Amino acid sequence: FPAHQVEIDCASVRNMPRSVGNASGLDELLNPCSPTSYFVRTESIGSETIHSGEIRARPRWYKHPQSRFAPALPSQASPVTAHLPHKSVGVAGAAREMGREFPPAVVVTFMGLIYAVTYGALCFKAAGLEHAPDGVIVWQLGTAAAQLGALFASGVSASMGNPALEMLPVIHSIFHNVAVLLPDASPEEVLGTCLVSMSGGTLLLGVFLTLSRRLKFAVWLRIVPIVVLKGGLCGVAIFLLKNTFIISANTQKPELDMWPHWSLSIVLGSSLFLIDELSRSPIAVASLLFVTAIIPECLSRTGLTSYEVMHDGNWLFDPMSGESSLWFESLGRSYATAFHHVNWFVVLRQVPSIIAMGGLHILFALIDLQSCSLICQREIDLDREFQSIGLGNILSSLMGAGWPVYYPVSSNVACHKVGGRTRLGGSMVLVATVGSLFVMDVVIPRLPRALAGGTLWWLGIVLVKETFLDILAQHSHKFDVLIVVIMSIVMCLKSFLEGLGIGLLLSVLWFMFTYSSSLAVVRNISDGIEFQSNAFRPLAHHELLDRLGHRIVVCHAEGYLMFSTSPVLRDKLLNALSEGSSAVWVVLNFSGVRGLDYSAIMELARLGQRATVSGKQLILTELRGNILNVLKRLRVPMSLEPTAIPGLTYIKHYQVALKLCEDQLLQDMGFMSKESSPNLFMETFGHFLEGDALESMEPYFEKAEFPKGTTLFSVGDPCAFAVWVARGELHALRPTHGGEDRLMEIIGVGSFAGFMNLLSNRPYPLTVVVPDGVSSCFCFVLRWARLEALCEEEPKIANYLLQAVLRRQAKEYSAFVSLVAQR
């Protein structure tokens, strides 16, 4: 967009025909100017103001500088987006907001209950701890604590929090270490030591994250290799799939004779996976879970069986333990009994494991936050979100849960898909979660074990698909696959923590091997004033580009982009892609980039999302080797053709990308290039010659039209002629060491090719072809004999012909000096 946008009075356009877009009736009710909100494009150049006279409808991705609302998603927005008012619209508006937030709150609450029943049983019972607090209560308390942290401190209005599922194998490893160190201790001493280790670690983690915002801790987390996190999630998937058999049959280890129980869980989990993959609807998944949950009640009411028979057959969950029906009394009694038997020496010996737990929690929280940012297309302040997660962990420890909490991608994406956008939905989930604690003792004994087993199997398959299978199909390097495979084997044979340690070690070794020979990531970065395309333009165009070139940002990258180097590139480009930046186009020249790892590709995807949100174009050029194939295989959202739509775009040649940006800028300012002969004459010679001089020049030139794909001359050919482009364009290419042709110059209307070689009688240094993008190129051909005749018969015209060519050479030399200075 131009720098200045002058809004027309709403009343003047309210009666205009509403032919732009198809905004909903709600948009028209809340904003009389929607959907036809117009603006006039103006631009100040020096002391003049140019009005393009163009009136357009505001695109859906345009975000008003004063608006606090993020751009709507393509699936949820009309071509024109209404600007909702900041003030309340009364009781009717509050009712509409509550009605909009109620469905996502119901879906998230129900899924949270299922997770509580599923994973709550794994919290302590799967670790073999006796007299432990009820895991379902602990899970729900952790959910309430995370939701409180989200409501009070999160920068995202509709954040949903839960206990960290990925911490199950990690905390179980700590419990196992405590049990090994206390072989002859009483169950109360083992339990108390385990609870203090877990709750203390969660409290320290919360304090650290709360203070991390002042330390800008999130900046350092970006260097974490995502492939290691993928391997960690693969280990979590193995843990979930294994515990499907244990939870379904209520046994300490998988048993073959209990196949009716776990086979039912496998069928349910596979059905959930298929429904999720085919429908992509959290409502459909929640509906199947709800139907499964009420099956025992239906069987009991129809008289086909009874709850006693189903309990005896291990088909339902056991009643909640505890002498009192009040959950807080039962929880308090468990903690009071255990805390009197804590072995503090063993607790201190768990400090390394607690530190590892905190580090892994932070890494998994980071990947979930980044995934939410990509899927939901919203910018996230990582420092603020980590601070809110820290508050949630402090509350979790103080409220009696003690389990680390975070904002999982599953709940947040489900909330976003169903339409949750404000804190009202989070408040509803908090109230429902606390209320569910008072009915758990009635509800849980009526739920089938297949409900938990099927959920474990479903999420286990999902994690396997999103980690191991995705790495196999979408890896950026084969070493990524090797890291995940080795991590999975170690986690199966040894432990979860050892597998993660092996993954980190391999990633560091790979970093040392690849980066030791790499150059700097960002060679230089500047604007379109310093870097202009090597295409012929009239002087007026160059003067305009020298004034408005700041709207084009050009970045040259080189080396190997990986988990430790890609954040540098992101930092360099964030300012240019911000909404307050004057830049409209950002061109990334990857001619010197040797390769990208998985983390670097994710950074590119996030930069593309940032460009989409801010209404700018991020253009990738000169991708070498198989980088483009890797981006396609990883399904990075990217347009492969030149387009005006904001976001990530790929254009093969750097010079073409620069020229397209400059052409668009010139068109926006009303400087349109004409291809008529008089304009050709003026563009080449300026005001030095009269217009009728062209007629005197024509006899010395031959007219020729070259179809697309024609090679006029190649590198090393003896110079026989020069051409003057009258219509279309030519591309000057030079072969590289890798066998690819690199575009060196775009020879447009009014420009010469081969003239200096004709004068010096030297071979052609470049290959000149008619590109595929044009149907044909019409040229005037000048041979040496006719040039000699022109010099003898029309010396004035020959002099200005030479001056025009030298002017072009001077422009190229200026650009070359600027490039050398940037290096």
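Which residues have the most contacts inside the largest nonpolar core? They are Y119, F124, M167 and L240. The views below start from this core, in a predicted model.

**View 1. The largest nonpolar core has 101 residues.** Helix 3, residues 90-123, gives the most to this core. Its share is eleven residues. Domain 1 (94-466) and domain 2 (528-669) both contribute residues, so the core lies between them. Apart from this core lies another one, of 38 residues. Among its members are M697, I747, L766 and V770.

**View 2. Y119 sits among contacts from several parts of the chain's numbering.** Leave aside its neighbours within four places in sequence. Y119 then touches W139, L165, L168 and L240. It is also in contact with T455, L456 and L459. L240 appears twice in this story: it is a contact of Y119, and it is among the residues with the most contacts inside the largest core.

**View 3. Helix 4 is mostly covered.** Helix 4 runs over residues 135-153 and has 19 residues. How many of these are buried? The count is 17 of 19. From first C-alpha to last, helix 4 reaches 27 Å. That is close to the 27 Å expected at 1.5 Å a residue. D134 caps the N-terminal end of the helix. A side-chain oxygen of D134 lies 2.9 Å from the backbone nitrogen of V136.

**View 4. H261 is a buried residue of helix 9.** Helix 9 spans residues 259-279. Why does H261 count as buried? Its relative accessible area is 9%, and buried means under 20%. One polar atom of the H261 side chain lies 2.8 Å from the backbone oxygen of G313. Residues up to four places away in sequence are not counted in the next list. H261 touches S248, A249, G313, N314 and W315. G313 thus features both in this contact list and in the polar pair with H261.

**View 5. Four strands form an open sheet.** Their order is 11-18-13-16, and the pairing is antiparallel. Which strands lie at the edges? They are strand 11 (702-707) and strand 16 (752-753). Each of these pairs on one side only. Strands of a sheet pair through backbone hydrogen bonds, either parallel or antiparallel. Strand 11 and strand 18 pair in the antiparallel sense over six bridges. Strand 18 covers residues 776-783. Within strand 18, F780 is the bridge partner of K703.

Key. Residues numbered from 1 in each chain as written. Predicted model: local features only at pLDDT ≥ 70, side-chain atom pairs only at ≥ 80, totals over all residues. Heavy atoms only, no water. Pairing = 2+ DSSP bridges. Helix = DSSP H or I, 4+ residues; strand = E, 2+ residues; numbered from the N terminus. Expected span 1.5 Å × (residues − 1). Buried < 20%, exposed > 50% of the residue type's maximum accessible area, 1.4 Å probe, protein only. Polar contact = N/O pair within 3.5 Å; in protein donor to acceptor, adjacent residues only side chain to side chain. Contact = heavy atoms within 4.5 Å. Core = buried A, V, L, I, M, F, W, Y, C linked by side-chain atoms within 4.5 Å. Domains from an automatic or database assignment.
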